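Below are some numbered notes on the model, for reading alongside the coordinates. They take up individual residues, two helix pairs and the ligand shell.

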Amino acid sequence: LATLKGKISALMKEQVALKNDLLKNHGDTKIQDVTVEMAINGARSMKTMVTDTSDLHEVNGISYRGMSLYEVNKKLPKAPGGSCALPEAAFWLLLTGEVPTDLETRAFTDELHRRSSVPANVMATLKSVPIETHPMTQLSMCMLALQKDSKFSAAYDAGMKKSEYWEYALEDALDLVAKIPVVAAAIYRRTFKDGPGPAYDTTMDWAANYANMLGVNDGEEFKEVTRLYLMLHADHEGGNVSAHTSHLVGSALSDPYYAWAAGLCGLAGPLHGLANQECLGWLLQVQKDLKGQTPTKELLTQYAEDTLAAGKVIPGFGHAVLRNTDPRYILEREFALKHCQNDPLFQLVDACYQAIPELLGKKGKVKNPFPNVDAHSGQLMHFYNLKEENYYTVVFAVSRAIGVMAQTVWARAIGLPIERPKSVPLDTLKKLATK
Ligand code: CMX
């Protein structure tokens, strides 16, 4: 922990100096024009936030501290014998800006193990929720139940100094990331299985342990695909719904548990995190409707035409920012080609990849006809026996906790203020636009 704090503290000095310089010497400099379209259409592409952990490029996809996901997957420490980067190593990278050594990663995994025990009140809260409750609702409620023990809130009440905010935010961030797999596995087991699964195992890395606790597959490949999935989904800049929600809530100095509980409610939306659930649902429906026919480009083009004609979107395709195939999709595809290319569902995903971008491209309306990560993730989970698609957004949430927590620590570290954009009535917008 001391090494981690030392690294954050050193980088913090540079970043705070940079922030102060920007405010002092360039505070009035114009970086973009705000158009009527931006104001109406969800502030799309308006540069109005600061997030240092990751940056989303419309063609190259997400980078973690300047490293593409391909580089991250190559350069970050792996599990013994594994080829996918460890997500906790990505957490370290996002927090410190540095690739951790194997030794640092092992120590960090142990730090998370030490923080992993979930208080009884959280499990009692979970028990009181009807099992038909959506797993994302259960997860968000559990994050709020954990809030009782927020070190940030306790320190705030005890009068902590502004300069200490980040340290207590870090305490909560580490606790939250350590505990969320335990809570998420408990949600899975109570909702879809008969009872508790395999116990927490401190000999495993963070992702392998989560995979193991789900109790659906004890093979090494499932642990490896879980590492890949949790690394790939860890962060996606600050403007997406769940990160932005968490940032906004955190900007009121609500602690990291409040922030992530709120962010999860956004992640549960079908246009955001829930898309992977919807995507697998759509794929399984296509598979059923094809009645055993081999999925070809022609068949899929026709099927997708019908989906569009019914006024529905094709889940897993398009993106608010990306204008290319999502690198996360490519990395999952590479994994699938290596480990499960004969899976009938993979062949369907592959046929979609051949057919849908061309079809959506021809329609002209969709700004990005290419697949996003959700078009693939479900197939991988399904293949390794995690079949309940209602649960998929929870896996996403376990992963994204990493990025959002890193962002929260940094928001406090560089002292970002309460967020308060200006809204205007449509009439005012009309006056502004025509004056
Ligand atoms: N299928 C059909 N139509 C689509 C489409 C798709 N996959 N993607 C976009 N469109 C439509 C939009 O609905 C919009 O139509 P209207 O003008 O009639 O409203 C038009 O194309 C233009 O939309 P856009 O600017 O290209 O896309 P947006 O930025 O508005 O929306 C997204 C982005 C992701 C919500 C949208 O592409 C979509 O609904 N995709 C399917 C759901 C999905 O895969 N979501 C996961 C996103 C990943 C994430 O955020 O985690």
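1. D157 counts as exposed, because 9 C-beta neighbours fall inside 10 Å and the limit for that class is 12 or fewer. This is a predicted model, and the remarks here should be read as such. D157 belongs to helix α8, which covers residues 151-157. Between D157 and R420 there are 24 Å in space, C-alpha to C-alpha, and 263 residues in sequence.

2. V404 is buried: 33 other C-beta atoms lie within 10 Å, and 20 or more are needed for that class. The residue sits in helix α19, residues 392-413. Leaving aside residues up to four places away in sequence, V404 touches S242, A243, S246, W260 and G263. Its C-alpha atom is separated by 9.9 Å from that of L94, although the two residues are 310 apart along the chain.

3. Helix α4 (residues 87-96) packs with α19; their axes come within 9 Å and cross at roughly 20°. The two helices are therefore roughly parallel to each other, as angles under 35 degrees are classed that way. The crossing of α4 and α19 is right-handed. On the α4 side the contact involves P87, A90, F91, L94 and L95, and on the α19 side S399, I402, G403, A406 and V409. Eight of the residues in this contact of α4 with α19 are nonpolar, two are polar and no charged residue takes part.

4. A second helix pair is formed by α9 (residues 165-192) and α10 (residues 206-214), packed at an angle of about 20° with axes 9 Å apart. That angle makes α9 roughly parallel to α10. The crossing of α9 and α10 is right-handed. Here P181, A184, A185 and Y188 of α9 meet W206, N209, Y210, M213 and L214 of α10. By class, the residues of this contact of α9 with α10 are eight nonpolar, one polar and no charged.

5. Which backbone angles deserve a second look? Phi of E237 and phi of L253 are both positive in a residue other than glycine. Most residues other than glycine have a negative phi. For E237 the value is near 70°. E237 lies in the loop between α11 (220-232) and α12 (241-251). With 19 other C-beta atoms within 10 Å, E237 is partly exposed, since the buried class begins at 20.

6. For L253, phi is near 65°. L253 is found in the loop between α12 and α13 (256-267). The count of other C-beta atoms within 10 Å is 16, so L253 is partly exposed.

7. Which residues come nearest to the ligand? Of the 20 residues around the ligand, they are A275, V313, G318, A320 and K367. The shell around the ligand divides into nine nonpolar, eight polar and three charged residues.

How values were computed
Residues numbered from 1 in each chain as written. Predicted model: local features only at pLDDT ≥ 70, side-chain atom pairs only at ≥ 80, totals over all residues. Axes fitted to C-alpha atoms, helices over the stretch in contact; angles between N-to-C directions. Helix = DSSP H or I, 4+ residues; strand = E, 2+ residues; numbered from the N terminus. Parallel < 35°, antiparallel > 145°, perpendicular 65-115°, else oblique. Left-handed = near helix turned anticlockwise from the far one by under 90°. Contact = placed C-beta atoms within 7 Å. Nonpolar A, V, L, I, M, F, W, Y, C, P; charged D, E, K, R; others polar. Near = placed C-beta within 6 Å.
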